[in-house]
There are 2 protein chains.
Amino acid sequence: MSLELAPVNKSSLSKQVADQLQEAILEGFLKADDRLPTEDELAKRFQVSRPTIREALKRLAAKNLIRSRRGPTGGTFVNHLGADELSDQLATAATLFVSMNDISVDEISSTRLQLESLCCNLACDHRSEDDLNKLREELKIQLDESTSAEEFCASDVRFHRAIADASNNKMLSFVMYTLIEALQPVANMITYRFRQRDIITEQHRQLLNAIERQDSISARETLCEQVDYLNQLQKEAQANHQRR
Amino acid sequence: MSLELAPVNKSSLSKQVADQLQEAILEGFLKADDRLPTEDELAKRFQVSRPTIREALKRLAAKNLIRSRRGPTGGTFVNHLGADELSDQLATAATLFVSMNDISVDEISSTRLQLESLCCNLACDHRSEDDLNKLREELKIQLDESTSAEEFCASDVRFHRAIADASNNKMLSFVMYTLIEALQPVANMITYRFRQRDIITEQHRQLLNAIERQDSISARETLCEQVDYLNQLQKEAQANHQRR
DNA sequence: ATTTTATATTTGTAAGACAAATTAACTTAT
DNA sequence: ATAAGTTAATTTGTCTTACAAATATAAAAT
């Protein structure tokens with residue numbers, strides 16, 4: 001009869017090391033821009049080989065928690081993560097979630113409408129001149145005929161992000177970024193295939209105008225209009241796809 | 001004068017490989033539960049060494065995109081990701097975001113209040129008997145005096161998740177999970193230090209009741225009450241901390 | 001027929017070497 | 001003395017080889 005005293009950790013060494021380091025970062029023992037020990041040093045301390053340490057570090061790098069540079073002043077450093085740095089992870093997570101759980105476009109766009117309405121309400125109250133300038137800048141890009149399709153899509157994303165940021169609620173911005181990214185594939189497809197840029201741009205102009213005037217009711221109306229419009233186009237596109 | 005024709009990829013090999021594999025998963029070339037080639041095979045195909053392949057795979061493993069098993073029928077497989085599987089990543093992302101951008105508790109809880117109100121509205125309209133049963137089950141756990149503090153906190157999380165799920169909007173649920181996780185550290189601290197379980201539980205009872213009766217107005221009132229209550233406790237806790 | 005044993009496959013870990021990048025210190029020429 | 005170029009040292013990036021551990025399959029023994 002064995003007492004099974006050993007509480008052996010079942011997961012791989014590289015995962016254990018990664019978890020410990022992540023804990024240290026989350027608990028604040030390792031702060032932003034702190035330099036970790038060299039890989040050799042870590043290998044000694046954790047009593048594992050360097051490849052194992054490297055696998056652990058790559059796990060953290062995949063989460064954007066650390067960055068590495070070569071050379072004497074190089075090494076591995078803790079990242080400082082803002083909404084921007086986290087957005088790509090959120091984007092892939094959201095994209096995967098949407099594609100693997102067959103989320104309907106309706107679900108996404110209705111959720112987005114609700115949340116973006118919230119953002120607009122707050123934006124009308126709290127928008128700074130800075131926020132308005134960002135929106136104006138993007139609108140200018142979108143009005144420009146010479147703007148390429150790719151640039152237009154990118155500007156579209158930045159425009160909606162700027163609305164979220166204008167809410168002056170960082171947590172809400174963070175959440176909103178996820179939704180914007182999740183819907184973007186659809187929006188891009190529409191922009192590429194139908195090129196109805198002028199309609200979208202006009203809606204953006206009205207949105208900016210409403211936020212300038214702090215007219216949250218009109219802002220919401222415009223939002224509804226845009227979401228409806230995108231939904232309609234999306235359904236047409238789907239119908240076209242079926243017909244083939 | 002060199003023409004610099006070579007568009008050399010600046011990032012590391014392991015990152016390039018990881019990106020390519022991730023692309024394949026996101027684009028649907030690799031579906032859930034598909035088995036990837038063995039590490040040796042991948043090394044041959046990508047013309048890199050096995051450690052490099054492994055570093056790439058660990059990057060994807062950190063994102064929960066793949067899992068690995070040893071043995072003849074083992075290998076590396078594509079994960080199917082639901083809201084649950086993604087929640088821990090969201091949790092760490094949200095936790096980091098909150099801690100590294102000094103997000104105020106007000107921002108989090110006001111955002112949560114708005115979103116959870118939304119969930120409640122939808123839940124009142126669309127809740128199934130299944131949803132109600134989940135809520136009842138958690139309430140029962142919370143009413144039980146013998147439930148430990150840890151179990152109570154876990155049940156609290158599940159209760160609010162169940163509300164999100166009852167909205168019948170998966171995208172909204174997904175977003176809501178993030179917020180619940182982000183606020184949880186605060187909620188836990190309160191529960192541990194003040195142990196006002198009965199008040200929280202009573203609020204949950206009222207919430208469940210309102211959703212049962214499809215009374216969205218009363219549901220919202222109870223939500224406000226709970227968020228206010230948590231905010232107040234949080235401020236008291238902070239004041240106590242200052243005084244020392 | 002059932003259990004045991006061997007065996008093959010695949011991921012996990014280790015050790016050592018060299019390459020590449022990058023900075024610091026040093027040397028040399030002006 | 002100053003400036004530029006050179007060398008050396010440090011650290012991550014990659015490769016090679018080898019072995020360990022887990023696990024399913026097939027063969028062999030009971």
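**Chain A against chain B**

I looked up polar contacts first: the count between chain A and chain B is 12 residue pairs, both residues at pLDDT 80 or more. A polar contact here is a pair of N or O atoms within 3.5 Å; within protein, one must be able to donate a hydrogen and the other to accept it, and residues adjacent in sequence count only if both atoms are side-chain atoms. I noted that this is a predicted model, where local features need pLDDT of at least 70, side-chain atom pairs count only at pLDDT 80 or more, and totals for chains, interfaces and linings use all residues. For my own bookkeeping, residues are numbered from 1 along each chain as its sequence is written, chains are lettered from A and ligands numbered from 1 in the order written, and side-chain values use heavy atoms, without hydrogens and water.

Which elements of chain A touch chain B? I found that H1 (13-26), H3 (50-62), H4 (83-100), H5 (105-126) and H8 (170-194) each supply at least two residues. Helices (H or I, at least four residues) and strands (E, at least two) are DSSP runs, numbered from the N terminus. H4(A) gives the largest share, 11 residues. By class, this side of chain A has 26 nonpolar, 13 polar and 8 charged residues. Ala, Val, Leu, Ile, Met, Phe, Trp, Tyr, Cys and Pro count as nonpolar, Asp, Glu, Lys and Arg as charged, and the others, Gly among them, as polar.

I then checked the extent of the contact (heavy atoms within 4.5 Å). Chain A puts in 47 residues and chain B 46 residues. Together they bury about 3,900 Å², with 73% of it on carbon and sulfur atoms. Buried area is the accessible area (1.4 Å probe) that two parts lose on being put together, summed over both.

**Salt bridges**

I counted a salt bridge as a side-chain nitrogen of Lys or Arg within 4 Å of a carboxyl oxygen of Asp or Glu. Over all chains, the structure holds 26. Between chain A and chain B there are 2. Arg54(A) pairs with Glu55(B) at 2.7 Å, N to O. Arg54(A) also meets Glu39(A), at 2.9 Å, N to O. Glu39(A) lies in helix H2 (residues 39-46) of chain A and Arg54(A) in helix H3 of chain A, so this pair ties together parts 15 residues apart in sequence.

**DNA strand C**

Which residues are closest to strand C? Of the 25 that surround the strand, the closest are Leu13(A), Pro72(A), Thr73(A), Arg50(B) and Arg54(B). I took near as a heavy atom within 4 Å. Sugar and phosphate make up 67% of the atoms of strand C that come within 4 Å of the protein.

I listed three polar approaches. A polar side-chain atom of Thr52(A) lies 3.0 Å from a phosphate oxygen of strand C. A backbone N or O atom of Glu39(B) is 3.2 Å from a phosphate oxygen of this strand. Gly71(B) places a polar backbone atom 3.0 Å from a sugar or linking oxygen. The surface near strand C has 5 nonpolar, 11 polar and 9 charged residues.

**DNA strand D**

I repeated the search on strand D. Among 25 residues around this strand, Arg50(A), Leu13(B), Thr52(B), Pro72(B) and Thr73(B) come nearest. Lys58(A) has a polar side-chain atom 3.0 Å from a phosphate oxygen of strand D. Arg70(A) has one 2.9 Å from a sugar or linking oxygen. An N or O atom in the side chain of Thr52(B) is 2.8 Å from a phosphate oxygen. H3, E1 (66-69) and E2 (75-78) of chain A, with H1 (13-26) and H3 of chain B, each supply at least two residues of this surface.
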